[in-house]
Amino acid sequence: MIETIAHIVKEHPFFAEMDAGFVALVSGCAKNARFEAGQFLFREGERADWFYLLRNGRAAIEIRDPARGAVTLQTLREGDVCGLSWLVPPYRWTYDARALERVCAIAVDGACLRRKSEADPRLGYEMMKRFMPPLLERLQAARMQMIDVYGAHG
Amino acid sequence: MADAFAAARAADPMIPRVARIAERRREIEDVVTLAIEGGAFDFAPGQFNMLTAFGVGEAAISVSGDPADGARLIHTIRAVGAVSRALAELRPGEPIGLRGPFGRGWPLLEAEGHDVVVVAGGLGLAPLRPALYRLLAEREKYGRVVLLFGARSPQDILFRDELEAWRGRLDLEVEATVDHARGGWRGNVGVVTTLIARASFDPARTLAMLCGPEIMMRFVANALHDMGVGEDRIYLSMERNMKCAIGWCGHCQFGPVFVCRDGPVFPYSQLRGLIAKKEI
């Protein structure tokens with residue numbers, strides 16, 4: 001059976017229990033995507049026009065440092081959303097996202113979703129409600145990483 | 001050789017016995033594991049001993065070995081202060097002072113029939129390792145067993161060989177994550193709390209054992225509680241400045257309890273109001 005994109009979007013944990021009308025609107029902006037190990041989902045500095053809902057595989061959020069090479073800040077896996085910069089101007093990726101193994105994802109056109117959200121603020125609010133928890137979680141995680149809890153006293 | 005101090009020791013628990021280092025193993029950069037021989041050892045997982053580096057001082061160190069091995073006492077030590085550095089420098093054949101074991105350990109009896117979630121951060125895996133040995137030795141007594149481990153970087157992962165061996169078991173779920181990594185690392189990067197939501201356990205019938213930096217334990221305990229694990233089924237191993245180890249001196253007083261005598265393992269329900277205080 002070929003799964004429709006709407007079915008895949010509806011089944012993804014990130015959009016769990018979302019209103020069918022919103023699923024249809026999001027699905028209109030979505031397509032399947034696949035990345036082989038080592039391929040980049042996006043690169044720092046590029047326009048953030050897409051975001052990805054991971055279905056299988058793991059991806060690393062990295063920053064390039066001339067002295068240290070690629071430094072991994074976070075790894076993401078099935079069920080996670082990859083890419084938050086499509087939400088806020090200037091819509092540009094701050095980090096690289098690289099597939100650590102084969103990644104199957106739903107790619108969502110952020111520009112398309114922004115237009116639909118402008119036209120229907122209920123959809124925009126729904127997206128904000130769904131994107132705020134991972135945003136907050138990543139902010140808290142970054143703060144924990146910053147204080148280095150496992151330092152000399154860990 | 002007759003132990004000339006046995007009678008004195010029986011009368012005074014502050015007098016250490018003298019044992020010998022049998023083996024020294026460097027685990028990671030500033031952490032070593034010492035095996036001590038010199039008698040029959042009995043301890044409960046989660047208990048600690050007072051170890052003396054003669055001429056330097058005494059420090060409380062959790063037992064990190066297998067409780068089924070009564071011939072060797074294993075301690076894993078991070079060299080951070082004068083005493084722990086001196087202990088970590090001891091070589092096979094050298095004497096070491098030993099008092100203990102002390103304190104209340106992990107609630108393995110209460111855990112029977114439950115899913116067990118073990119969350120360790122950094123060196124916190126050491127006091128939990130005896131509990132893991134026991135859980136695995138008596139695996140049929142428990143439901144799902146999950147080990148979640150967080151470390152600063154891939155280079156700081158303790159007991160790496162053992163973790164990898166455990167990861168290969170079908171009756172144990174093991175996930176590790178590090179706070180920072182460079183290119184070659186293919187494992188997880190992120191804080192240990194991110195592993196909790198994905199682990200396979202039933203919060204309603206789970207008992208959790210946590211050991212690591214206090215901030216980490218607080219966040220993990222809250223995350224487990226938010227998922228439905230009762231505060232009285234979340235256990236934390238606390239670390240304080242323990243001196244006498246028997247509740248005499250009060251150095252390790254933590255609110256109304258002495259960590260050495262009443263702990264070091266406590267249910268979160270007992271600590272919740274204390275652990276978030278700035279100073280206590």
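In this predicted model, helix α3(A) lies across strands β3 and β8 of chain A and runs at about 40° to β8(A). The two strands beneath this statement are themselves partners: β3 (residues 50-56) and β8 (residues 103-109) of chain A pair in the antiparallel sense over six bridges. Within that pairing, F51(A) stands opposite V108(A) of β8(A).

**The sheet around β3 and β8 of chain A**

Strands β3 and β8 belong to an open sheet of four strands in chain A, with the order β1-β8-β3-β6 and antiparallel pairing. Its edge strands are β1 (30-35) and β6 (81-82) of chain A, each of which pairs on one side only.

**Helices of chain A**

Helix α3 (residues 110-119) also has a helical neighbour. Its axis and that of helix α4 (residues 121-147) of chain A come within 5 Å and cross at roughly 125°. How are α3(A) and α4(A) oriented to each other? At this crossing angle they are oblique, because an angle of that value falls outside the ranges for roughly parallel, roughly antiparallel and roughly perpendicular. The contact brings L113(A), K116(A) and S117(A) of α3(A) together with L123(A), G124(A) and M127(A) of α4(A). By type, the residues of this contact are three nonpolar, two polar and one charged.

Another helix of chain A, α2 (residues 20-27), holds A24(A). Is A24(A) buried or exposed? It counts as exposed, because it has 12 C-beta neighbours inside 10 Å, and a residue with 12 or fewer falls in that class. The C-alpha atom of A24(A) is 9.3 Å from that of I5(A), a residue 19 positions away along the chain.

**Strand β7 of chain A and its partners**

Strand β7 (residues 96-99) of chain A is covered on both faces. D96(A) and R98(A) on one side are buried, and so are A97(A) and A99(A) on the other. In a regular strand the side chains alternate between the two faces of the sheet.

Strand β7(A) has antiparallel pairings with β2 (residues 40-42) of chain A, through two bridges, and with β4 (residues 59-65) of chain A, through four bridges. R98(A) appears in both pairings: F40(A) stands opposite R98(A), and A60(A) likewise stands opposite R98(A).

**Where chain A meets chain B**

How many residues of each chain are in contact with the other? The contact involves 23 residues of chain B and 19 residues of chain A. On the chain B side, β10 (181-182), β11 (188-189) and α7 (214-227) each supply at least two residues. The residues of that side comprise 10 nonpolar, eight polar and five charged.

Strand pairing also links the chains. Strand β5 (residues 69-76) of chain A runs antiparallel to β10(B) and is joined to it by two bridges. Here T72(A) stands opposite A181(B) of β10(B).

**A buried helix in chain B**

Helix α2 (residues 82-89) of chain B contains the buried residues S84(B), A86(B), L87(B) and A88(B). These buried residues pack against four strands of chain B, namely β2 (31-37), β3 (48-53), β4 (57-62) and β5 (73-78).

**The two chains as wholes**

Chain A has four helices and eight strands. Along the sequence they follow the pattern α-α-β-β-β-β-β-β-β-β-α-α. Chain B has nine helices and 16 strands. Overall values for each chain are set out below.

| Property | Chain A | Chain B |
|---|---|---|
| Box or span of C-alpha atoms along principal axes | roughly 50 × 30 × 30 Å | about 55 × 45 × 40 Å |
| Buried residues | 32% of 154 residues | 46% of 280 residues |
| Share of contacts with a separation of 6 or more that join residues 24 or more positions apart | 72% | 70% |

The radius of gyration of chain A is 16 Å, which agrees with a compact globule, because for 154 residues such a globule would have a value near 15 Å. Chain B has 19 Å, and this agrees too, because a compact globule of 280 residues would have a radius of gyration near 19 Å.

Key: Residues numbered from 1 in each chain as written. Chains lettered and ligands numbered in written order. Predicted model: local features only at pLDDT ≥ 70, side-chain atom pairs only at ≥ 80, totals over all residues. Rg over C-alpha atoms; globule rule 2.2 N^0.38 Å. Buried ≥ 20, exposed ≤ 12 C-beta atoms within 10 Å, placed from the backbone. Contact = placed C-beta atoms within 7 Å. Nonpolar A, V, L, I, M, F, W, Y, C, P; charged D, E, K, R; others polar. Pairing = 2+ DSSP bridges. Axes fitted to C-alpha atoms, helices over the stretch in contact; angles between N-to-C directions. Parallel < 35°, antiparallel > 145°, perpendicular 65-115°, else oblique.
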